[in-house]
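Please look over the sequence and the model below before reading on. The notes after them are grouped by topic.

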Amino acid sequence: MKNYDTIIVGGGIIGLATGFYLTKFGKKVLVIEKRYPGAGSTGRCIGGIRQQFSTSGTIQLARESLNLFKELEKEFGFSVEFCQSGYLLLAHTEEQKSIFLKNIEIQKSFGINVEFISAKDIKKEFPYVNTEGILGGAFSPEDGQAFPFLVLKGFIRGITKNGGEIITETEVSSLIEQNGKIKGVKLSNGKIINSEIVINAAGPWAKELSETVDIELPFVPERHEAFITVKIKKFDPIIPMLVDYRKDGCYFNQRINGQIIGCYTPVPNYPGKSTKETFEFLYEMSRRTVRLVPALEKVHVLRQWAGSYTMTPDGNPVIDKTEIEGYFVAGGMSGHGFMLGPATGKLLASLIAEDKFYINMSEFSLNRKFQSKELLK
Ligand SMILES: Cc1cc2nc3c(=O)[nH]c(=O)nc-3n(C[C@H](O)[C@H](O)[C@H](O)COP(=O)(O)OP(=O)(O)OC[C@H]3O[C@@H](n4cnc5c(N)ncnc54)[C@H](O)[C@@H]3O)c2cc1C
(Lines give C-alpha, C1' and ligand atoms only; values in the text may rest on other atoms or scores of the structure.)
Protein backbone atom coordinates (compact mmCIF):
# COMPACT_ATOMS: atom_id res chain seq x y z
CA MET A 1 0.00 0.00 0.00
CA LYS A 2 1.40 3.38 -1.05
CA ASN A 3 1.77 6.22 1.40
CA TYR A 4 0.64 9.71 0.61
CA ASP A 5 1.39 12.88 2.56
CA THR A 6 -1.94 14.32 1.42
CA ILE A 7 -5.11 13.06 -0.22
CA ILE A 8 -7.22 15.65 -2.03
CA VAL A 9 -10.83 14.83 -2.84
CA GLY A 10 -11.93 16.67 -5.99
CA GLY A 11 -10.30 17.41 -9.31
CA GLY A 12 -11.64 20.91 -9.85
CA ILE A 13 -9.57 24.09 -9.80
CA ILE A 14 -9.31 24.04 -5.99
CA GLY A 15 -8.18 20.43 -5.62
CA LEU A 16 -5.77 20.56 -8.55
CA ALA A 17 -4.24 23.96 -7.68
CA THR A 18 -3.73 22.83 -4.08
CA GLY A 19 -2.22 19.56 -5.28
CA PHE A 20 0.14 21.39 -7.61
CA TYR A 21 1.45 23.82 -4.99
CA LEU A 22 1.77 21.00 -2.43
CA THR A 23 3.94 19.00 -4.82
CA LYS A 24 6.12 22.11 -5.15
CA PHE A 25 6.67 21.81 -1.41
CA GLY A 26 7.85 18.24 -2.10
CA LYS A 27 4.70 16.60 -0.76
CA LYS A 28 3.51 13.24 -2.08
CA VAL A 29 -0.03 14.04 -3.19
CA LEU A 30 -2.94 11.93 -4.41
CA VAL A 31 -5.93 13.66 -6.03
CA ILE A 32 -9.08 11.53 -6.24
CA GLU A 33 -11.76 12.61 -8.73
CA LYS A 34 -15.05 10.79 -9.09
CA ARG A 35 -15.47 11.62 -12.78
CA TYR A 36 -12.84 13.60 -14.70
CA PRO A 37 -10.98 16.86 -13.95
CA GLY A 38 -13.33 19.78 -14.52
CA ALA A 39 -16.49 17.62 -14.36
CA GLY A 40 -17.86 19.75 -11.52
CA SER A 41 -18.24 23.52 -11.45
CA THR A 42 -14.83 24.35 -12.90
CA GLY A 43 -15.56 22.94 -16.34
CA ARG A 44 -18.83 24.89 -16.37
CA CYS A 45 -17.52 28.32 -15.41
CA ILE A 46 -16.98 31.21 -17.79
CA GLY A 47 -13.36 31.91 -16.89
CA GLY A 48 -13.68 35.45 -15.50
CA ILE A 49 -10.95 36.78 -13.21
CA ARG A 50 -11.34 39.93 -11.13
CA GLN A 51 -9.94 41.68 -8.10
CA GLN A 52 -12.95 43.94 -7.56
CA PHE A 53 -14.37 42.67 -4.27
CA SER A 54 -15.63 44.44 -1.17
CA THR A 55 -13.75 42.85 1.73
CA SER A 56 -10.04 43.05 2.44
CA GLY A 57 -9.47 39.28 2.60
CA THR A 58 -11.12 38.53 -0.74
CA ILE A 59 -9.39 41.49 -2.41
CA GLN A 60 -6.01 40.20 -1.23
CA LEU A 61 -6.80 36.62 -2.21
CA ALA A 62 -7.98 37.79 -5.64
CA ARG A 63 -4.89 39.95 -6.12
CA GLU A 64 -2.64 37.03 -5.20
CA SER A 65 -4.52 34.82 -7.65
CA LEU A 66 -4.23 37.36 -10.45
CA ASN A 67 -0.48 37.50 -9.88
CA LEU A 68 -0.35 33.70 -10.10
CA PHE A 69 -2.46 33.66 -13.30
CA LYS A 70 0.11 36.03 -14.84
CA GLU A 71 2.82 33.43 -14.13
CA LEU A 72 0.96 30.34 -15.33
CA GLU A 73 2.16 30.45 -18.93
CA LYS A 74 5.78 30.50 -17.75
CA GLU A 75 5.06 27.93 -15.05
CA PHE A 76 3.28 25.47 -17.41
CA GLY A 77 5.17 26.15 -20.64
CA PHE A 78 1.95 26.88 -22.59
CA SER A 79 -0.66 29.60 -22.74
CA VAL A 80 -3.79 29.37 -20.59
CA GLU A 81 -5.35 32.15 -22.69
CA PHE A 82 -4.94 34.57 -19.81
CA CYS A 83 -5.78 38.08 -20.91
CA GLN A 84 -6.31 41.28 -18.94
CA SER A 85 -9.40 42.39 -20.81
CA GLY A 86 -10.92 44.15 -17.78
CA TYR A 87 -14.13 44.06 -15.74
CA LEU A 88 -16.64 46.91 -15.92
CA LEU A 89 -19.26 46.80 -13.15
CA LEU A 90 -22.23 48.92 -14.18
CA ALA A 91 -24.18 51.14 -11.77
CA HIS A 92 -27.81 51.82 -12.62
CA THR A 93 -28.75 53.40 -9.28
CA GLU A 94 -27.21 55.93 -6.90
CA GLU A 95 -27.06 53.20 -4.26
CA GLN A 96 -24.98 50.93 -6.52
CA LYS A 97 -22.76 53.86 -7.44
CA SER A 98 -22.05 54.64 -3.79
CA ILE A 99 -21.30 50.96 -3.05
CA PHE A 100 -18.85 50.90 -5.97
CA LEU A 101 -17.19 54.13 -4.82
CA LYS A 102 -16.76 52.76 -1.29
CA ASN A 103 -15.35 49.49 -2.61
CA ILE A 104 -12.97 51.31 -4.95
CA GLU A 105 -11.48 53.10 -1.94
CA ILE A 106 -10.81 49.79 -0.20
CA GLN A 107 -9.52 48.18 -3.40
CA LYS A 108 -7.16 51.10 -4.04
CA SER A 109 -5.76 50.83 -0.51
CA PHE A 110 -4.52 47.37 -1.63
CA GLY A 111 -2.95 48.79 -4.77
CA ILE A 112 -5.65 47.68 -7.24
CA ASN A 113 -5.84 49.72 -10.45
CA VAL A 114 -9.56 50.59 -10.52
CA GLU A 115 -11.55 53.75 -11.25
CA PHE A 116 -15.17 54.85 -11.36
CA ILE A 117 -15.86 56.11 -14.87
CA SER A 118 -18.87 58.13 -15.97
CA ALA A 119 -21.45 56.90 -18.49
CA LYS A 120 -19.98 59.41 -20.96
CA ASP A 121 -16.52 57.90 -20.53
CA ILE A 122 -17.93 54.38 -20.84
CA LYS A 123 -19.37 55.44 -24.21
CA LYS A 124 -16.02 56.91 -25.23
CA GLU A 125 -13.95 53.88 -24.11
CA PHE A 126 -16.42 51.14 -25.08
CA PRO A 127 -18.62 52.67 -27.81
CA TYR A 128 -20.59 49.43 -28.30
CA VAL A 129 -22.13 49.64 -24.78
CA ASN A 130 -25.69 50.95 -24.63
CA THR A 131 -25.32 53.37 -21.71
CA GLU A 132 -29.02 54.18 -21.39
CA GLY A 133 -29.89 54.25 -17.67
CA ILE A 134 -26.25 53.71 -16.64
CA LEU A 135 -24.78 56.18 -14.14
CA GLY A 136 -21.23 54.96 -14.59
CA GLY A 137 -19.11 51.98 -13.76
CA ALA A 138 -16.21 50.60 -11.78
CA PHE A 139 -13.52 49.59 -14.24
CA SER A 140 -10.31 47.70 -13.65
CA PRO A 141 -8.13 47.03 -16.69
CA GLU A 142 -6.18 44.47 -14.63
CA ASP A 143 -9.09 42.02 -14.39
CA GLY A 144 -9.61 39.54 -17.17
CA GLN A 145 -10.08 35.96 -18.24
CA ALA A 146 -8.41 32.60 -18.78
CA PHE A 147 -9.48 29.26 -20.24
CA PRO A 148 -10.44 26.91 -17.38
CA PHE A 149 -9.53 23.62 -19.11
CA LEU A 150 -6.03 24.88 -19.99
CA VAL A 151 -5.49 25.98 -16.40
CA LEU A 152 -6.58 22.53 -15.18
CA LYS A 153 -4.33 20.86 -17.75
CA GLY A 154 -1.36 22.84 -16.45
CA PHE A 155 -2.00 21.90 -12.83
CA ILE A 156 -2.52 18.22 -13.78
CA ARG A 157 0.74 18.08 -15.72
CA GLY A 158 2.53 19.90 -12.91
CA ILE A 159 1.25 17.49 -10.26
CA THR A 160 2.33 14.40 -12.18
CA LYS A 161 5.66 15.95 -13.20
CA ASN A 162 6.37 16.69 -9.54
CA GLY A 163 5.64 13.11 -8.50
CA GLY A 164 1.97 13.44 -7.47
CA GLU A 165 -0.83 11.18 -8.66
CA ILE A 166 -4.36 11.77 -9.92
CA ILE A 167 -6.96 9.02 -10.14
CA THR A 168 -10.21 9.60 -11.99
CA GLU A 169 -13.57 7.78 -12.16
CA THR A 170 -13.03 6.96 -8.49
CA GLU A 171 -15.41 8.15 -5.80
CA VAL A 172 -14.60 8.75 -2.15
CA SER A 173 -17.57 7.46 -0.20
CA SER A 174 -16.40 8.62 3.24
CA LEU A 175 -13.59 10.17 5.19
CA ILE A 176 -11.98 8.14 7.97
CA GLU A 177 -11.41 9.66 11.39
CA GLN A 178 -10.04 8.09 14.55
CA ASN A 179 -9.61 9.76 17.93
CA GLY A 180 -9.93 13.26 16.50
CA LYS A 181 -7.42 12.65 13.69
CA ILE A 182 -8.00 12.04 10.01
CA LYS A 183 -6.70 8.68 8.82
CA GLY A 184 -7.61 8.58 5.13
CA VAL A 185 -10.53 7.91 2.83
CA LYS A 186 -12.77 5.03 1.89
CA LEU A 187 -13.63 4.62 -1.79
CA SER A 188 -17.02 3.53 -3.06
CA ASN A 189 -15.43 0.22 -4.13
CA GLY A 190 -14.58 -0.38 -0.45
CA LYS A 191 -10.85 0.26 -0.77
CA ILE A 192 -9.21 2.35 1.95
CA ILE A 193 -6.35 4.76 1.26
CA ASN A 194 -4.47 6.11 4.26
CA SER A 195 -3.10 9.59 4.77
CA GLU A 196 -2.71 11.88 7.75
CA ILE A 197 -3.87 14.84 5.74
CA VAL A 198 -7.08 14.95 3.70
CA ILE A 199 -8.38 18.01 1.87
CA ASN A 200 -12.05 18.24 1.00
CA ALA A 201 -12.16 20.10 -2.33
CA ALA A 202 -15.32 18.37 -3.53
CA GLY A 203 -17.05 21.61 -4.62
CA PRO A 204 -20.85 21.26 -4.54
CA TRP A 205 -20.51 17.80 -2.95
CA ALA A 206 -18.18 18.92 -0.13
CA LYS A 207 -20.94 19.25 2.46
CA GLU A 208 -22.13 15.62 2.14
CA LEU A 209 -18.56 14.33 2.21
CA SER A 210 -17.83 16.28 5.38
CA GLU A 211 -20.92 14.88 7.06
CA THR A 212 -19.24 11.46 6.99
CA VAL A 213 -16.98 12.75 9.80
CA ASP A 214 -19.68 14.95 11.37
CA ILE A 215 -18.14 18.27 10.36
CA GLU A 216 -20.91 20.60 9.24
CA LEU A 217 -20.11 22.90 6.30
CA PRO A 218 -22.37 25.90 5.58
CA PHE A 219 -22.45 25.19 1.84
CA VAL A 220 -25.52 25.49 -0.36
CA PRO A 221 -25.16 24.74 -4.08
CA GLU A 222 -27.23 26.76 -6.54
CA ARG A 223 -27.77 26.19 -10.22
CA HIS A 224 -26.33 28.80 -12.57
CA GLU A 225 -26.59 28.69 -16.33
CA ALA A 226 -24.26 30.01 -19.01
CA PHE A 227 -23.99 30.34 -22.76
CA ILE A 228 -21.32 30.84 -25.37
CA THR A 229 -21.70 32.18 -28.92
CA VAL A 230 -19.89 31.34 -32.11
CA LYS A 231 -16.65 33.22 -32.76
CA ILE A 232 -17.07 36.72 -34.07
CA LYS A 233 -14.61 39.45 -34.99
CA LYS A 234 -13.02 40.94 -31.91
CA PHE A 235 -14.49 44.24 -30.81
CA ASP A 236 -12.06 47.10 -30.41
CA PRO A 237 -11.45 47.20 -27.52
CA ILE A 238 -12.42 43.62 -26.71
CA ILE A 239 -15.63 43.55 -24.62
CA PRO A 240 -14.53 43.51 -20.95
CA MET A 241 -16.64 41.52 -18.49
CA LEU A 242 -19.71 43.76 -18.35
CA VAL A 243 -21.46 43.13 -15.05
CA ASP A 244 -25.00 44.45 -15.03
CA TYR A 245 -26.30 44.39 -11.44
CA ARG A 246 -29.94 45.09 -12.29
CA LYS A 247 -32.45 42.53 -11.07
CA ASP A 248 -32.65 41.30 -14.65
CA GLY A 249 -28.96 41.90 -15.27
CA CYS A 250 -26.26 39.57 -16.57
CA TYR A 251 -22.51 39.39 -17.10
CA PHE A 252 -20.55 38.53 -20.19
CA ASN A 253 -17.30 39.25 -21.97
CA GLN A 254 -15.59 38.45 -25.23
CA ARG A 255 -13.09 35.62 -25.08
CA ILE A 256 -9.75 36.24 -26.72
CA ASN A 257 -10.81 33.92 -29.58
CA GLY A 258 -13.84 36.15 -30.27
CA GLN A 259 -16.65 34.17 -28.60
CA ILE A 260 -19.07 35.91 -26.23
CA ILE A 261 -19.52 33.99 -22.96
CA GLY A 262 -21.82 34.90 -20.10
CA CYS A 263 -24.42 34.10 -17.46
CA TYR A 264 -26.88 35.66 -15.07
CA THR A 265 -27.86 35.02 -11.49
CA PRO A 266 -31.46 33.76 -11.41
CA VAL A 267 -33.97 35.52 -9.17
CA PRO A 268 -35.09 33.73 -7.08
CA ASN A 269 -32.09 31.42 -6.66
CA TYR A 270 -32.37 27.86 -7.84
CA PRO A 271 -30.95 25.69 -5.02
CA GLY A 272 -29.49 22.25 -5.68
CA LYS A 273 -26.95 20.58 -7.91
CA SER A 274 -29.10 20.26 -11.01
CA THR A 275 -27.25 20.87 -14.26
CA LYS A 276 -30.39 21.02 -16.34
CA GLU A 277 -30.39 23.99 -18.71
CA THR A 278 -33.53 25.92 -19.63
CA PHE A 279 -34.99 27.66 -22.64
CA GLU A 280 -35.91 30.58 -20.36
CA PHE A 281 -32.21 31.21 -19.73
CA LEU A 282 -31.37 31.10 -23.42
CA TYR A 283 -34.09 33.59 -24.22
CA GLU A 284 -33.45 35.91 -21.27
CA MET A 285 -29.66 35.84 -21.54
CA SER A 286 -29.91 36.73 -25.22
CA ARG A 287 -32.29 39.60 -24.46
CA ARG A 288 -30.14 41.00 -21.65
CA THR A 289 -26.93 40.70 -23.66
CA VAL A 290 -28.34 42.49 -26.69
CA ARG A 291 -29.86 45.19 -24.47
CA LEU A 292 -26.35 46.03 -23.25
CA VAL A 293 -24.47 45.54 -26.53
CA PRO A 294 -27.00 45.90 -29.39
CA ALA A 295 -24.36 45.02 -32.00
CA LEU A 296 -24.56 41.40 -30.78
CA GLU A 297 -28.12 41.03 -32.02
CA LYS A 298 -27.36 38.76 -34.98
CA VAL A 299 -24.74 36.59 -33.26
CA HIS A 300 -25.57 32.90 -32.94
CA VAL A 301 -25.45 31.11 -29.62
CA LEU A 302 -23.32 27.99 -29.96
CA ARG A 303 -24.11 26.20 -26.69
CA GLN A 304 -25.67 26.58 -23.25
CA TRP A 305 -25.14 24.61 -20.05
CA ALA A 306 -25.61 24.75 -16.28
CA GLY A 307 -23.46 24.16 -13.21
CA SER A 308 -23.25 24.98 -9.52
CA TYR A 309 -22.19 27.94 -7.47
CA THR A 310 -21.50 26.60 -3.97
CA MET A 311 -22.72 29.40 -1.72
CA THR A 312 -21.95 30.28 1.91
CA PRO A 313 -24.11 32.62 4.03
CA ASP A 314 -21.71 35.56 3.50
CA GLY A 315 -20.62 34.79 -0.07
CA ASN A 316 -17.00 34.16 0.91
CA PRO A 317 -15.25 30.79 0.78
CA VAL A 318 -14.10 28.54 3.60
CA ILE A 319 -10.38 27.78 3.42
CA ASP A 320 -9.37 26.32 6.74
CA LYS A 321 -8.39 23.42 8.95
CA THR A 322 -11.14 21.75 10.94
CA GLU A 323 -11.39 20.43 14.48
CA ILE A 324 -10.31 17.02 13.15
CA GLU A 325 -6.53 17.08 13.01
CA GLY A 326 -5.33 16.75 9.42
CA TYR A 327 -8.73 17.44 7.83
CA PHE A 328 -8.84 20.61 5.71
CA VAL A 329 -11.63 22.22 3.70
CA ALA A 330 -11.50 24.54 0.70
CA GLY A 331 -14.92 25.27 -0.72
CA GLY A 332 -18.00 27.41 -0.77
CA MET A 333 -16.39 29.28 -3.64
CA SER A 334 -19.61 30.92 -4.87
CA GLY A 335 -19.10 32.37 -8.37
CA HIS A 336 -15.42 33.04 -7.71
CA GLY A 337 -13.72 29.69 -7.38
CA PHE A 338 -11.95 29.81 -10.71
CA MET A 339 -10.46 33.25 -10.17
CA LEU A 340 -9.57 32.55 -6.52
CA GLY A 341 -8.37 29.02 -7.27
CA PRO A 342 -4.63 29.46 -7.78
CA ALA A 343 -4.21 31.58 -4.63
CA THR A 344 -6.49 29.30 -2.60
CA GLY A 345 -4.34 26.35 -3.63
CA LYS A 346 -1.07 28.09 -2.91
CA LEU A 347 -2.20 29.39 0.48
CA LEU A 348 -3.66 26.06 1.56
CA ALA A 349 -0.46 24.34 0.48
CA SER A 350 1.55 26.76 2.58
CA LEU A 351 -0.76 26.19 5.57
CA ILE A 352 -0.27 22.44 5.25
CA ALA A 353 3.44 22.47 4.46
CA GLU A 354 4.56 25.35 6.67
CA ASP A 355 1.67 25.68 9.12
CA LYS A 356 1.00 29.25 8.05
CA PHE A 357 -1.01 31.37 5.66
CA TYR A 358 1.09 34.18 4.25
CA ILE A 359 -1.90 36.53 4.04
CA ASN A 360 -4.57 37.08 6.68
CA MET A 361 -7.18 34.40 6.04
CA SER A 362 -9.47 35.04 9.00
CA GLU A 363 -12.30 36.01 6.61
CA PHE A 364 -12.26 32.43 5.33
CA SER A 365 -12.27 30.54 8.62
CA LEU A 366 -14.84 27.81 9.14
CA ASN A 367 -15.79 29.12 12.56
CA ARG A 368 -16.47 32.73 11.56
CA LYS A 369 -19.89 34.20 12.24
CA PHE A 370 -20.83 34.64 8.56
CA GLN A 371 -22.31 38.06 9.35
CA SER A 372 -20.65 40.31 6.79
CA LYS A 373 -21.66 40.05 3.12
CA GLU A 374 -19.60 40.12 -0.03
CA LEU A 375 -21.34 42.95 -1.87
CA LEU A 376 -19.93 42.09 -5.28
CA LYS A 377 -21.08 38.50 -5.62
C1 LIG B 1 -22.20 29.06 -14.96
C2 LIG B 1 -21.04 29.33 -14.04
C3 LIG B 1 -20.18 30.38 -14.30
C4 LIG B 1 -19.11 30.64 -13.45
N5 LIG B 1 -18.24 31.65 -13.76
C6 LIG B 1 -17.16 31.87 -12.99
C7 LIG B 1 -16.19 32.85 -13.34
O8 LIG B 1 -16.31 33.51 -14.36
N9 LIG B 1 -15.14 33.02 -12.54
C10 LIG B 1 -14.96 32.29 -11.40
O11 LIG B 1 -13.99 32.52 -10.70
N12 LIG B 1 -15.85 31.34 -11.05
C13 LIG B 1 -16.94 31.10 -11.81
N14 LIG B 1 -17.83 30.15 -11.46
C15 LIG B 1 -17.66 29.44 -10.20
C16 LIG B 1 -16.60 28.37 -10.31
O17 LIG B 1 -16.90 27.51 -11.38
C18 LIG B 1 -16.52 27.57 -9.01
O19 LIG B 1 -16.47 28.41 -7.89
C20 LIG B 1 -15.27 26.69 -9.00
O21 LIG B 1 -15.15 25.97 -10.20
C22 LIG B 1 -15.27 25.75 -7.82
O23 LIG B 1 -14.18 24.88 -7.94
P24 LIG B 1 -14.05 23.63 -7.01
O25 LIG B 1 -12.75 22.99 -7.34
O26 LIG B 1 -14.33 24.03 -5.60
O27 LIG B 1 -15.27 22.68 -7.39
P28 LIG B 1 -15.51 21.74 -8.65
O29 LIG B 1 -14.95 22.28 -9.89
O30 LIG B 1 -16.94 21.37 -8.63
O31 LIG B 1 -14.64 20.47 -8.30
C32 LIG B 1 -15.04 19.51 -7.34
C33 LIG B 1 -14.72 18.14 -7.92
O34 LIG B 1 -14.90 17.17 -6.90
C35 LIG B 1 -15.36 15.99 -7.49
N36 LIG B 1 -15.98 15.22 -6.41
C37 LIG B 1 -17.05 15.57 -5.67
N38 LIG B 1 -17.32 14.64 -4.74
C39 LIG B 1 -16.37 13.68 -4.86
C40 LIG B 1 -16.12 12.45 -4.19
N41 LIG B 1 -16.89 12.06 -3.17
N42 LIG B 1 -15.08 11.70 -4.60
C43 LIG B 1 -14.29 12.13 -5.62
N44 LIG B 1 -14.48 13.27 -6.29
C45 LIG B 1 -15.50 14.04 -5.92
C46 LIG B 1 -16.34 16.48 -8.54
O47 LIG B 1 -16.57 15.52 -9.56
C48 LIG B 1 -15.67 17.74 -9.04
O49 LIG B 1 -14.90 17.51 -10.21
C50 LIG B 1 -18.89 29.84 -12.30
C51 LIG B 1 -19.74 28.76 -12.06
C52 LIG B 1 -20.81 28.49 -12.92
C53 LIG B 1 -21.70 27.31 -12.64
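What follows is a briefing on the ligand shell, the domains, and some helices and strands.

This is a predicted model, in which local features need pLDDT of at least 70 and side-chain atom pairs count only at pLDDT 80 or more, while totals for chains, interfaces and linings use all residues. Residues are numbered from 1 along each chain as its sequence is written. The protein is assigned domain 1 (6–47 + 149–219 + 314–364) and domain 2 (84–143 + 220–311), with bounds that come from an automatic or database domain assignment. A ligand is surrounded by 41 residues, and the shell around it draws at least three residues from each of the two domains.

**Around the ligand**

- A residue counts as near a molecule or strand if its C-beta atom, placed from the backbone, lies within 6 Å of it.
- Of the 41 residues around the ligand, the ones that come nearest are G10, G12, G40, G203 and G337.
- By class, the shell around the ligand has 19 nonpolar, 17 polar and five charged residues. Here Ala, Val, Leu, Ile, Met, Phe, Trp, Tyr, Cys and Pro count as nonpolar, Asp, Glu, Lys and Arg as charged, and the others, Gly among them, as polar.
- At least two residues of the shell come from each of helix 1 (13–24), strand 13 (220–229), strand 17 (301–311) and helix 8 (337–354). Helices (H or I, at least four residues) and strands (E, at least two) are DSSP runs, numbered from the N terminus.

**The two domains**

- The centres of domain 1 and domain 2, taken over C-alpha atoms, are separated by 29 Å.
- Where the domains touch, 13 residues of domain 1 are in contact with 13 residues of domain 2. Contact means that the C-beta atoms of two residues, placed from the backbone, lie within 7 Å.
- On the side of domain 1 that touches domain 2 there are five nonpolar, seven polar and one charged residues.

**Helix 1**

- Helix 1 is largely enclosed by the rest of the structure, because 11 of its 12 residues are buried. A residue is buried if 20 or more other C-beta atoms lie within 10 Å of its own, exposed if 12 or fewer, and partly exposed in between, with C-beta atoms placed from the backbone.
- The buried residues of helix 1 are I13, I14, G15, L16, A17, T18, G19, F20, Y21, L22 and T23.
- Their cover includes strand 1 (6–9), strand 2 (29–32), helix 5 (148–161), strand 12 (198–200), strand 19 (327–331) and helix 8.
- At 1.5 Å a residue, the 12 residues of helix 1 should span 16 Å, and this agrees with the 16 Å between its end C-alpha atoms. The expected span is 1.5 Å times one less than the number of residues.
- After helix 1 comes G26, which has a positive phi near 85 degrees.

**Strand 13 and its partners**

- In strand 13, eight of the 10 residues are buried, so the strand is mostly covered.
- Strand 13 and strand 17 run antiparallel and are joined by 10 bridges; two strands pair if DSSP finds at least two bridges between them.
- In this pairing, A226 stands opposite W305 of strand 17.
- Strand 13 also pairs with strand 16 (residues 260–264), in the antiparallel sense, over four bridges. There I228 stands opposite I261.

**Strand 19 and its partners**

- In a regular strand the side chains alternate between the two faces of the sheet.
- Both faces of strand 19 are covered, with Y327, V329 and G331 buried on one side and F328 and A330 buried on the other.
- Strand 12 and strand 19 run parallel and are joined by three bridges, with V198 opposite Y327.
- Strand 18 (residues 318–321) pairs with strand 19 in the antiparallel sense over four bridges, and V318 has G331 as its bridge partner.
- Strand 18 and strand 19 form a hairpin with five residues between them, and G326 in the turn has a positive phi of about 90 degrees.

**Two single residues**

- E73 lies in helix 2 (residues 56–76) and is partly exposed, with 16 other C-beta atoms within 10 Å.
- K97 lies in helix 3 (residues 94–109) and counts as partly exposed, with 18 C-beta neighbours inside 10 Å.
- K97 and L187 are 90 residues apart in sequence and 50 Å apart in space, C-alpha to C-alpha.
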